[in-house]
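User: I have a model open and want to go through how its helices pack. Please keep the answers short.

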Amino acid sequence: MAGAHVLGLPRIGAHRELKFALEKFWRKEIDETALTHTGRALRHANWQAQREAGAAAGLGGLDSVTVGDFAWYDHVLNTLAHVGGLPARFGFDARDLDLDAYFAMARGNAAQPALEMTKWFDTNYHYLVPEYSPATTFGEGVNWLFDEVAEAQALGHPVKAVLVGPLTLLYLGKEKDGLADRLTLLPALLAQYERLLARLRAQGVAWVQIDEPLFALDLPAAWLAAAAPAYRRLAPLAPRILLTTYFGDVSEHAALLKALPVAGLHLDLARAPQQLATFVDGYPADKVLSCGVVDGRNVWRHDLAGSLALLAPAHAALGDRLWVGSSCSLLHAPVDARLETQLDDELRAWLAFGRQKLDEIAVLRRALTDGVASVQAAFDDTARALAARRSSPRIHNPVVRRKLDGLSEADARRRSDYATRIAAQQAWLKLPLLPTTTIGSFPQTAEIRAARAGFKRKQLTHLDYLEAMRAQIRLAIEKQESYGLDVLVHGEAERNDMVEYFGELLWGYAITENGWVQSYGSRCVKPPVIYGDVYLPEPMTVTWSAYAQSLTSKPVKGMLTGPVTMLQWAFVRDDQPRERTALQIALALRDEVLALEKAGVRVIQIDEPALREGLPLRRRDWAEYLDWAVRAFKVASCAVADDTQIHTHMCYSEFHDILPSIAALDADVISIETTRSDMELLDAFEAFDYPNEIGPGVYDIHSPRVPAQAEMERLIEAALARIPAQRLWVNPDCGLKTRDWAQVDPALTAMVAAAQAVRARLPDHGGAGLAARLAALPARGASAGISPVR
């Protein structure tokens, strides 16, 4: 019989049980015993779901439960704790690591800032970046994985353990303190993997899933050459190894991967179905081939018939050595579509979340083994849902099609170059050197959430809700003026999420009740579902932003989420190219930008934190993506007058390789996350000679830690060593919605004081008006001629 398994499941719980338990623990409302009880219950539920997959169709569930996919905060940090590779600066010993210490590395403490975060490949999940230095040592660590294996075995479950692979763990880290090549640490790291794998084998674990998604990247030759010796070293001591690749096509490494001394390979056939034939041809007779056909990163019902047609020839060649699974971990999918009681029946029938994907895997395995007739009802039901979706009139909007067809090159170009625009903007903004601002959101307090929930449940009238939100806007404006900020924001009290809020107001998007996925730690997002053509029926933000502007003589930024981020942070329709959907969103945002400008909001921020995240993993595919991504942003932003200032914001990504494309966005000001990397990212902006204004973050908002004024002054000085003062802004790393006012008040007060202190030390402080702000422009030139990376 063909095998069936899943690479991992969501760890947050169907109702975000882990999120709420973590936050109670951090607030000291529950102790470690209560927290660990929640984690245990979530693991047990996930294991039971795997064993019961396909039960409604009379199927026998998956062959094993995946153990080790659970993490209190991040699976990469968990792996470091298992191999004793914790950053030395924290002073923790992994052998007796408790949860307080574990969370200190993730969230920072009084003595140390948190580990840097960045995106897990091209997903919206943030992992904690390992730090490797000449002082890095590996050794014995926590026993969490072994304890969880014993826990699953005690419940009678056959276990497949999972670990982040040693090559991926090293590759995704960062070299610190003069370490020239982190690959030199591999021998010492492998010694700890040998220890882990030998112990798993001694526990009776039959299979261990070792995740090596780095093979989907453009890898240096030295890293490819390290693979065979590494796995020759690990294989003799380990259970049977299933080496898992995902997120892309790895067929160019087929010869290397097939020759590795492992018991099986896993391929992501949702992303790259074409690679299957390459691996089946000449596949070793002693290896399992795991086929990840069920998409772990989207929410649409799976095309069972299409996958069966793809897999049938491979099954004929491999027989029981062919396994069926998810393309990647279901970490990136919501938990259970059965909880969606508010969606209409038609739309809900098109969806499959994590629990439904387990059923799809079980059905496909039975179809391969016993024929389609054995699961005909499931195949027929799926075929009806797919056909209904294709023919539904709600998918296509002729108005949107006409607007797309009418786009021209002029619609993606500002009227004047940057030098002309910035002069017109500064004439009315009259900003000092090192102007201060924030990224957009302020704390989402219990009072705000209660008002929003009350309005949603119709317990508050529209007028009562309007006044509740206006009171929060007034508070935000008053606080910002008391801090002394130069450019203000309205605080976004009315917004539940920077993507979901807009998805609720745009046609073509659907909002789920419980479609939560983990972004990092306890931070969960509920990506909207793009099911049809996107259209703006009426302005979304003008009322709030215009009201905020009426309260102050200082400029207030209008806040929008950009088209690429609206695409990347949603579950996107798969029946048309992503480029077309991005342009539809851009046209909707263009109308919103013009409505803000008409209402007197003349500083507008269009956030694109997902621009780098959407970059294909292989460089050969970059140019096509960057062309349409840049065009989408410019279509959204370029219709305004010269004296309307366009900002954008990006965070938690490496931008070094795409700076020409970021410059090609031609935003007047870009703000970026740089605190956790200690301004390292600015080296790239300096080397590239970034032409417009830039605001590197000086306050890490993803940690509860409140930085001192002196610390922020040091970061501003570090930025000034790379960026001329005339083009430098001062701001936090990101929005402040996850913080509370007790943290925000002292942090922003210190940030403004730091900017003023550094400003006073600048030699041209006395001439900080228009002439000084434009002093750097002649040497820099305009950005209009800069093209995206090719």
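User: Which hand does the crossing of helix 22 and helix 23 have?

Analyst: This is a predicted model, where local features need pLDDT of at least 70, side-chain atom pairs count only at pLDDT 80 or more, and totals for chains, interfaces and linings use all residues. Residues are numbered from 1 along each chain as its sequence is written, and side-chain values use heavy atoms, with hydrogens and water left out. A crossing is left-handed if the near helix is turned anticlockwise from the far one by less than a right angle, and right-handed if clockwise. For helix 22 and helix 23 the crossing is right-handed.

User: Which residues of helix 23 make the contact?

Analyst: Contact means heavy atoms within 4.5 Å. Helix 22 brings in residues including Ala 582, Leu 583 and Arg 590. From helix 23 come Trp 628, Arg 631, Ala 632, Lys 634, Val 635 and Ala 636.

User: How many of the residues of helix 4 are buried?

Analyst: Helix 4 spans residues 99-107 (helices are DSSP runs of H or I, at least four residues, and strands are runs of E, at least two, numbered from the N terminus) and is mostly covered. Buried means under 20% relative accessible area, with a 1.4 Å probe and protein chains only. Tyr 102, Phe 103 and Met 105 are among the buried residues. The cover includes helix 1, helix 2, helix 3, strand 4 and helix 5. The buried count is eight of nine.

User: Just after helix 4, which residue takes a positive phi?

Analyst: At the start of helix 4, a side-chain oxygen of Asp 98 comes within 3.3 Å of the backbone nitrogen of Asp 100. Just after the helix, a positive phi of about 85 degrees is taken by Gly 108.

How values were computed: Buried means under 20% relative accessible area, exposed over 50%, partly exposed in between (1.4 Å probe, protein chains only). A polar contact is a pair of N or O atoms within 3.5 Å; within protein, one must be able to donate a hydrogen and the other to accept it, and residues adjacent in sequence count only if both atoms are side-chain atoms.
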